[in-house]
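User: I have a model open here and would like to go through it. Can you take me through the chains and their contacts?

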Amino acid sequence: MGMMSVPRFWRNTKARYLMVGRRCRRCGQVYFPPRNLCRRCRRRGELEEVRLSGRGEVYSFTVIRTPPVGFERSAPYVMALVKLEEGPMVTAQLADVEPERVRIGMRVRSVFRKIQEDGEAGLIYYGFKFVPVDEDDVQGE
Amino acid sequence: MKRVAVIGVGLTKFGELWDVSFSQLFVEAGTAAINDAGIDGSDVDALYVGNMSGGRFIDQEHISCLIADYAGLTPIPATRVEAACASGGLAVRQGVMAILSGMHEVVVVGGVEKMTDLSTERTTQTLATASDSEWEAFMGMTFPGLYAMMARRHMHEYGTTREQLAMVAVKNHENALHNPYAQFHSRITVEQVLASPLVADPLRLLDCSPITDGAACVVLASEERAKEFTDSPVYITGSGQASSTIALHSRERVSFVDATYNAGREAYARAGREPGDVQVAEVHDAFTIGEILAIEALGLVEVGAGGRATEEGETSIGGRIPVNTSGGLKAKGHPVGATGVAQVVEVVLQLRGEAGGRQVDAEVGLTHNVGGSGGTAVVHILER
């Protein structure tokens, strides 16, 4: 989508900055990105905030070579489905890794990074990306 | 379910149509369909139109009214239907339901998209709105990227090869050579697909459907009314639609499309048919992996065997179950809102025996249209 309005971004800063998701007290399901209704229990569910560890592994990935508006300077970059250890999966960029080294099952952890910026003078959007856990996978000098 | 007749079909040429406007596209396809049906505009009770994003592509909402106006069909009720790339398929289903409800007897269903007025970057951005804007697109994900991750996972789980993906594109380009309405009339080879630029690994440019302008239209009628206009209609005998999560990351699995499976199951049940009865299918190959995922979830091949079936020619014209005889989204073109309607047009032409150089021998056909990365799917069964 490219840019996001300030209030739309601000509403989600807890999730984007701290990876705070939701857990259903009734069934135990963990949701991230956060939801305000449990998909299983619906109205009978009761969601509470839960901060995620940010640890997980790569479930699938791609290298974006034709970027959308706002990501032209980042391309090529690795995007992945990261399966978090608490259960949910997220879509995020992988940083500090050579695209050729990424593999399904690679262990990763979240880091706080700049996601995109709204031109030279506009808002800078921060959030999480993931980097390899194992030293061998981290991009060398 | 009771049958609904398709009594007329019409298409525009698909492609980069710089000199043709949005409303011209729709009127051209609609006029062709109404001529084909042999009806008059005054016979039409209602209009449904599939359109993904007039608002972003051409700064125009209120598409239904615009089309009723330019088609000279006011004051009939006109309704726009939107579900990203499945908009057209859903419009067909709305038309079917309008007739089955008894509310209307003759319904025009169109689909239209004018995509080439925007730059490629803006078009890419617009298509990405079919995903979760806040948690996929915002993170830098693109539409080809989502399908690439599905492809990667399919290759990992089932051993589907890069060459097998390419063979989907090669086959569909071959089929499009015989479709005068198709965007591309160019034969391609596996080597050319594998040498084309990477868009989102492992998908390359020639794995992706193009950006296309175009419109498609069908005229539907109740079985009773259809007899006034034709002796040999094609019937829609089954319709199914399903939803799933909008984001790929919220699904239990990404190498199988649950929405396609669920929509197919409903359509087969309503038609009293099984996958083995289908003799020709138009499926949603926005990306080559999309066709493999579709034929597996629709039960046309075994789960995991879509790549191999393609390689062995099972889905080619002359094979066990010809898929995308029109050239598919890949080679016929993919004007997103029109695609689901155009699929019905192709199967009707096949069942009537009017498909020219791409004709197959079939009495039962299927159409399958997907919105987003599988958040919406709609399936129709057609029979003569």
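Analyst: Two residues are in contact if their C-beta atoms, placed from the backbone, lie within 7 Å. Among contacts in chain A between residues at least 6 apart in sequence, 50% join residues at least 24 apart. This is a predicted model, where local features need pLDDT of at least 70 and side-chain atom pairs pLDDT 80 or more, while totals for chains, interfaces and linings use all residues. Residues are numbered from 1 along each chain as written, and chains are lettered from A.

User: How many helices and strands in chain A?

Analyst: Chain A has 2 helices and 8 strands, as DSSP runs numbered from the N terminus (helices H or I, at least four residues; strands E, at least two). The order from the N terminus is α-α-β-β-β-β-β-β-β-β.

User: What box do its C-alpha atoms fill?

Analyst: For chain A, roughly 50 × 40 × 20 Å along the principal axes.

User: Switching to the contact between A and B: how many residues from each chain?

Analyst: Chain B gives 31 residues and chain A gives 26. On the chain B side, α7(B) gives the most, with 7 residues.

User: And which domains does chain B have?

Analyst: Domain 1 is 4-119 + 211-234 and domain 2 is 130-209 + 237-383, with bounds from an automatic or database domain assignment. Their centres, taken over C-alpha atoms, are 22 Å apart. Their contact takes 35 residues from domain 1 of chain B and 34 from domain 2 of chain B.

User: Which element has the largest share on the domain 1 side?

Analyst: α4(B), with 8 residues of the side that touches domain 2 of chain B.
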